[in-house]
Amino acid sequence: MKASYALDYETIFQYAPVGMCISVNRVIQSANEALASMFGYATAALEGQSFQVLYPTMVEFLRTGDRIIPIMNAKGRYSDERIMRRANGELFWCHVSGRALDPQEALGAGVWTFEDVSEKRPVTAELTPREREIAALLVEGKTSKVIARETDLSPRTVEMHRAKLMRKFAASTSSELVHKLIGVSR
C-alpha cells in the first residue's frame, strides 16, 4: 500500500539533500540545514546575512553579482561552479543554481541551491580572487576571448592568468589545466 503524505513545502525545503535558500537582493531570508551545514554556520546565523559571507572576498561577491545580472535578465535563472568560503575560512568548489521569482528583478527574490563538489574537485592551489574567477570560467568551457569580454579584461590579461594557473597546477596544456581544475586525473 502506498504511503500518503501531505505536501509540506517547509519540510521539503528544510530536509532537501542540497543547500537551499530564499534570498532578496542577495540577502538570505531563509536557509535550510544542508546549506548551513555545508558552510559551517547555524541556520539562524545565515538568515539576514548577505551572500557576501559565503564568498572568499568582497571583490568576488561583487564580480559574481555583475556577471549574474545579464544572464538572469535574459533567462530568469543562473548556474555555475565557483570557489566559495566556509565559516572557518576553508575554500571549496560549489555548484550554485538560482532562479528569480520575478524575471524582471534579476537579483530580487529568488531561490538558490548550493552543492558542495569539493570531493570531486578539491581546491589544491593558492589562487588569487581573479585566478579563482578565471578558473571558474575556464571550467565552464569559455575561451580567453569570451572570458575577457565577460570580465572586462583584455584577452592578453586573461592569457596571463591562464598561464599562472597552468604553472600552479603543473599543467602543460589548457585542456590539462581544465581537467585538473575539475578534478579529473589524466
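This report walks through the strands, helices and cores of a predicted model.

**The sheet**

A good place to start is the open sheet, where five strands line up in the order S2-S1-S5-S4-S3 with antiparallel pairing. At its edges stand S2 and S3, each with a single partner strand, so one side of each has no neighbour in the sheet. Averaged over the sheet, and ignoring direction, neighbouring strands are turned by 30 degrees against each other.

The table follows the pairings across the sheet, each with one pair of facing residues.

| Strand pair | Bridges | Facing residues |
|---|---|---|
| S2 and S1 | four bridges | Ser23 opposite Ile28 in S2 |
| S1 and S5 | five bridges | Ile22 with Val111 in S5 |
| S5 and S4 | seven bridges | Gly98 opposite Trp112 in S5 |
| S4 and S3 | nine bridges | Ser79 opposite Ser97 in S4 |

In sequence terms, S1 covers residues 19-24 and S2 covers residues 27-31. As a general reminder while you look at these strands, side chains in a regular strand alternate between the two faces of the sheet.

**The hairpin turn and other positive phi values**

S1 and S2 make up a hairpin with two residues between them, and Asn25 in that turn has a positive phi of about 55 degrees. Arg26 also sits in the loop between S1 and S2, and its phi is near 65 degrees, again positive in a residue other than glycine. With a relative accessible area of 10%, Arg26 is buried, since the limit for that class is under 20%.

Further along the chain, Ala170 lies in the loop between H7 and H8 and has a phi near 50 degrees, a positive value in a residue other than glycine. Is Ala170 buried or exposed? Its relative accessible area is 57%, and Ala170 is exposed. These backbone values are worth a look because most residues other than glycine have a negative phi. A glycine with a positive phi can be found too: Gly141, just after H5, has a value of about 90 degrees.

**Two nonpolar cores**

The largest nonpolar core has 25 residues, and the members that touch the most others are Phe39, Phe51, Leu54, Trp112 and Phe114. At least two residues of this core come from each of S2, helix H2 (33-39), H4, strand S3 (77-85), strand S4 (91-100) and strand S5 (110-116). A second core of 21 residues is separate from it, with Leu127, Ile147, Ala148 and Leu153 among its members.

Leu54 gives a closer view of the largest core. Once neighbours within four places in sequence are set aside, Leu54 is in contact with Ile28, Phe39, Tyr41, Leu46, Met84, Arg85 and Phe114. In soluble globular proteins, nonpolar side chains tend to be buried together.

**Helix H5 and its surroundings**

Why can H5 be described as largely enclosed by the rest of the structure? Ten of its eleven residues are buried, so the surrounding structure encloses most of the helix. The buried residues run from charged to nonpolar types, including Arg130, Glu131, Ile134 and Leu138. As a group, the buried residues of H5 pack against H4, S3, S4, helix H6 (144-151), helix H7 (155-168) and helix H8 (174-181).

One of these partners deserves a detailed look. Helix H4 (residues 58-75) packs against H5 (residues 129-139) at an angle of about 35 degrees, and their axes are 10 Å apart. The crossing of H4 past H5 is right-handed. Glu60, Arg63 and Arg67 are the H4 residues here, and they meet Pro129, Arg130, Arg132, Glu133 and Leu137 in H5. Sorted by type, this contact has two nonpolar, no polar and six charged residues.

Arg132, a residue of helix H5, counts as buried at 9% relative accessibility. Apart from its neighbours within four places in sequence, Arg132 is in contact with Pro56, Thr57, Glu60, Ile83, Leu91 and Leu127.

**An exposed residue of H4**

Helix H4 also contains Asp66, which is exposed, with a relative accessible area of 56%. Asp66 is 96 residues away from Arg162 in sequence, and their C-alpha atoms are 21 Å apart in space.

Conventions:
Residues are numbered from 1 along each chain as its sequence is written. This is a predicted model: local features need pLDDT of at least 70, side-chain atom pairs count only at pLDDT 80 or more; totals for chains, interfaces and linings use all residues. Side-chain values use heavy atoms; hydrogens and water are left out. Two strands pair if DSSP finds at least two bridges between them. Axes are lines fitted to C-alpha atoms, for helices over the stretch in contact, and angles run from 0 to 180 degrees between N-to-C directions. A crossing is left-handed if the near helix is turned anticlockwise from the far one by less than a right angle, and right-handed if clockwise. Contact means heavy atoms within 4.5 Å. A nonpolar core is a set of buried Ala, Val, Leu, Ile, Met, Phe, Trp, Tyr and Cys residues joined through side-chain atoms within 4.5 Å. Buried means under 20% relative accessible area, exposed over 50%, partly exposed in between (1.4 Å probe, protein chains only).
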